Amino acid sequence: MLVNVVNVVNSAQTVADRYREFSWQQARGRSDAHAELTARIGQDAEFCDLLSGSLPAGNAQQPSLLLAAVRYLDGPHAEHGPRDETAYGRWREWTIRHWDEVRTVIMRRAGRTNDPGHCATLLPLLARLPQPLALLEVGASAGLCLRPELYHYRYEEASSRPGTRPRAAACGASGSPVTLTCRTSAAGTGPVPEVPTRVPEIVWRGGVDLDPLDPVADPDDLRWLRALVWPGDGERAERLSAAVGLARTAPRPGVVRGDLLDELPALAAEAPPGATLVIFHSAALALLPADRRERFAALVRSLLAGREGRGHWISQEQHGVLPWITSPAHRAARHPDDASLTLALDERPLALTGPYGESLHWLTEGTSAGTAGQPATG
């Protein structure tokens, strides 16, 4: 989370609609427990009235915040989620009884996860840019995506012929306890663009976040990150723990606490002049109001255009967050209920990616190699 969103209508009906939409568009197919729980909340008029009346409109009304807050406080069914009407009743009763504590957590915390899996879809672009790199992450949270060289990567190409084994390639730290597996595919009938054979050379890294976390030094921050992992997703939970363990072995990236528009210029100025500055973000801008997103885009363009040397902007956001980043192939490839992110280089859409880096679907043949390395325009 980066800045507060503008106030919107905050009625019980609006809250109910938000939970039903979350259940259908985000949780369905990814977490049966959260899909059922948020669907039940969306049908619970009394509970939605509590949410609308006691939480301010905007960031605090994110369904993911409520779900994580209850898990963080060891509410009922924290590990697997309430899966029937009786279990929902217990979850509801506990949440109402502990509402003051739940609300305190919601108002204090941010709902963004910091999943290192995003590195698997960022790496093909980072590896093709002029080296060495200076990485600047917007919405850095715990900084787990600022050290892509710590992880091992396995790319599995989706086979176009039934019965054939997919081609696979690997790179990165071979002995790493974190292996990020990513399925790759491409639009049309052409070959899937090549995946990286090595990790990029990084000489500087920094980030900005309203609420940066330090899970290495602060057990409470680690507890919150674990609460954000959806119940039943043991693989992501293990990956998070392993990534935090790796972070203990390396210097912590400098993550500045503050608003992105205020802090970004000074951070960008710290990047060494001989390095390619890469400003990037993954699932970080959705909660910004449209005018703030436009101001952010204008600021990034200005910073890169005014930099002596080279610079690029990599965005990985939900469709519509940066609405001018689109193409006919993009619209055709994406299902309306798809939770995928749009990966773009310098405002050119290149691929659709899984919400946690589990897949990489190139939109047009050759586009990844054809645009990488070109300078950003102002």
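This is a short walk through one chain, from the overall fold down to a few residues.

Okay, so before anything else: what you're looking at is a predicted model. The chain runs to 378 residues, and 55% of them count as buried. In terms of secondary structure, we've got 13 helices and eleven strands. If you take contacts between residues at least 6 apart in sequence, 77% of those join residues at least 24 apart. For the surface people, the chain exposes about 16,100 Å², with carbon and sulfur atoms supplying 50% of that.

Let's zoom in on T121. You'll find T121 in helix α7, which covers residues 118–126. Is T121 buried or exposed? T121 counts as buried, because its relative accessibility is 0% and the cut-off for buried is under 20%. And what does T121 touch, once you skip residues up to four places away in sequence? The answer is C182, Q316, L343, T353, G357, S359 and L360. With Q316 there's also a polar contact, side chain to side chain, at 2.6 Å.

Stay with the end of α7 for a second. In the loop between α7 and β1, where β1 is 133–138, sits P132. The peptide bond joining Q131 and P132 is cis, with omega at about -5°. Worth a look if you're setting up torsions.

While we're on backbone angles, here are two with positive phi. S141 is not a glycine, yet its phi is near 55°. S141 belongs to the loop between β1 and β2, the latter being 152–157, and S141 counts as buried because its relative accessibility is 4%. Then there's E347, also not a glycine, with a positive phi of about 70°. E347 is in the loop that links β9 (341–345) to β10 (348–353).

Next, helix α9, residues 234–247. α9 has 14 residues and spans 20 Å from first C-alpha to last, close to the 20 Å expected at 1.5 Å a residue. Which α9 residues are buried? Those are R236, R239, L240, A242, A243, V244 and L246, so two arginines are in that list. What do the buried residues of α9 pack against? They pack against β4 (179–186) and α8 (219–228).

Last item, the cysteines. How many disulfides does a search of the whole structure find? Zero. As for individual cysteines, C48 is buried at a relative accessible area of 1%, and C171 counts as buried at 5% relative accessibility.

That's my tour, happy to rotate the model for anyone.

Conventions
Residues numbered from 1 in each chain as written. Predicted model: local features only at pLDDT ≥ 70, side-chain atom pairs only at ≥ 80, totals over all residues. Heavy atoms only, no water. Helix = DSSP H or I, 4+ residues; strand = E, 2+ residues; numbered from the N terminus. Buried < 20%, exposed > 50% of the residue type's maximum accessible area, 1.4 Å probe, protein only. Polar contact = N/O pair within 3.5 Å; in protein donor to acceptor, adjacent residues only side chain to side chain. Contact = heavy atoms within 4.5 Å. Disulfide = S-S within 2.5 Å. Expected span 1.5 Å × (residues − 1). Areas by Shrake-Rupley, 256 points an atom, 1.4 Å probe, with all protein chains shown as cover.
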